[in-house]
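The exercises below ask for a reading of burial, contacts, backbone angles and open space. Each task is followed by a worked solution.

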Amino acid sequence: AVEAMRLLPQALYDLQQNLRGTPLGSKIASDASSLNLQSALPALMHLPGYAISVAQAVADILIVVFGGLFIAVHPAGHRSAFLALAAPAWRARLGPFLDDCGSLLRRWLIAQLIAMVTVGLLTGAGLMALGVPAAVALGLFAAAAEFVPIAGPIASAIPALLLASLH
């Protein structure tokens, strides 16, 4: 990364020289030369660290999703393994408790799915009626974001509001 940062100014200069050979490139190069790229280099030095953080977050999300799916495929086996870990005196009460938790979680997921479909359909239909571009994609995004409490609906509104204000 340090070697790349050392070579970056020369690479940018070479790119500007190559771009000046065409009319459009000359315009782009003159606009780019007015930028102070040297001041951006310290921020670019932190780019590998940011990339690692993003990759780690993506890996964490994938682990949680696939771990949840792995448990959801065969819940009875995981339930019996969990009960085997519990103290024998607790197993008689823990079994029905786990069954109740599983039933409530199943109902909550069904309610979430209904809310997601409703929000997605109404958002997509409303944006289509308003003539906002990419209404279907924004409706799908709103449906997916509805699963995240509080922040999801807010996050799904931002792109829709931006596209609606530009249109």
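**Exercise 1: Ser156**

Ser156 is buried, with a relative accessible area of 9%. This is a predicted model, in which local features need pLDDT of at least 70 and side-chain atom pairs count only at pLDDT 80 or more, while totals for chains, interfaces and linings use all residues. Residues are numbered from 1 along each chain as its sequence is written, and side-chain values use heavy atoms, with hydrogens and water left out.

Task: place Ser156 in its helix and list its contacts beyond its neighbours within four places in sequence.

Solution. Step 1: the class follows from the cut-offs, as buried means under 20% relative accessible area, exposed over 50% and partly exposed in between, with a 1.4 Å probe and protein chains only. Step 2: Ser156 belongs to helix H8, residues 151–166; helices are DSSP runs of H or I with at least four residues, strands are runs of E with at least two, and both are numbered from the N terminus. Step 3: with neighbours within four places in sequence left aside, Ser156 contacts Phe141, Ala142 and Ala145, where contact means heavy atoms within 4.5 Å.

**Exercise 2: helix H7 and the core**

Task: state which residues of H7 are buried and which helices they pack against.

Solution. Step 1: in H7 (residues 135–145) the buried residues are Ala135, Leu138, Gly139, Ala142, Ala143 and Ala145. Step 2: they pack against H6 and H8. Step 3: Ala135 and Leu138 also appear in the largest nonpolar core, whose 5 residues include Leu127, Val132 and Ala160; such a core is a set of buried Ala, Val, Leu, Ile, Met, Phe, Trp, Tyr and Cys residues joined through side-chain atoms within 4.5 Å. Step 4: not counting residues up to four places away in sequence, Ala135 touches Gly124, Leu127 and Met128.

**Exercise 3: two residues of H6**

Task: decide whether Gln112 and Thr118 are buried or partly exposed.

Solution. Step 1: Gln112, in helix H6, has a relative accessible area of 16% and is therefore buried. Step 2: leaving aside neighbours within four places in sequence, Gln112 is in contact with Glu146 and Phe147. Step 3: Thr118, also in H6, counts as partly exposed at 37% relative accessibility. Step 4: the C-alpha atoms of Thr118 and Gly139 are separated by 9.9 Å, with the two residues 21 apart along the chain.

**Exercise 4: positive phi**

Task: what is the phi of Ala134 and of Ile150?

Solution. Step 1: most residues other than glycine have a negative phi. Step 2: Ala134, in the loop between H6 and H7, has a positive phi of about 60° and is partly exposed at 44%. Step 3: Ile150, in the loop between H7 and H8, has a positive phi near 65° and is exposed at 71% relative accessibility.

**Exercise 5: the largest pocket**

Task: how many residues line the largest pocket, and which helix supplies the largest share?

Solution. Step 1: on a 1 Å grid over the protein atoms alone, a pocket is an open set of points where a 1.4 Å probe fits, with protein on both sides within 12 Å along at least five of seven lines; lining residues have an atom within 4 Å of a point. Step 2: the lining has 21 residues, with Gly68, Ile71, Ala72, Leu105 and Leu109 nearest the centre. Step 3: H6 gives the largest share, 8 residues.
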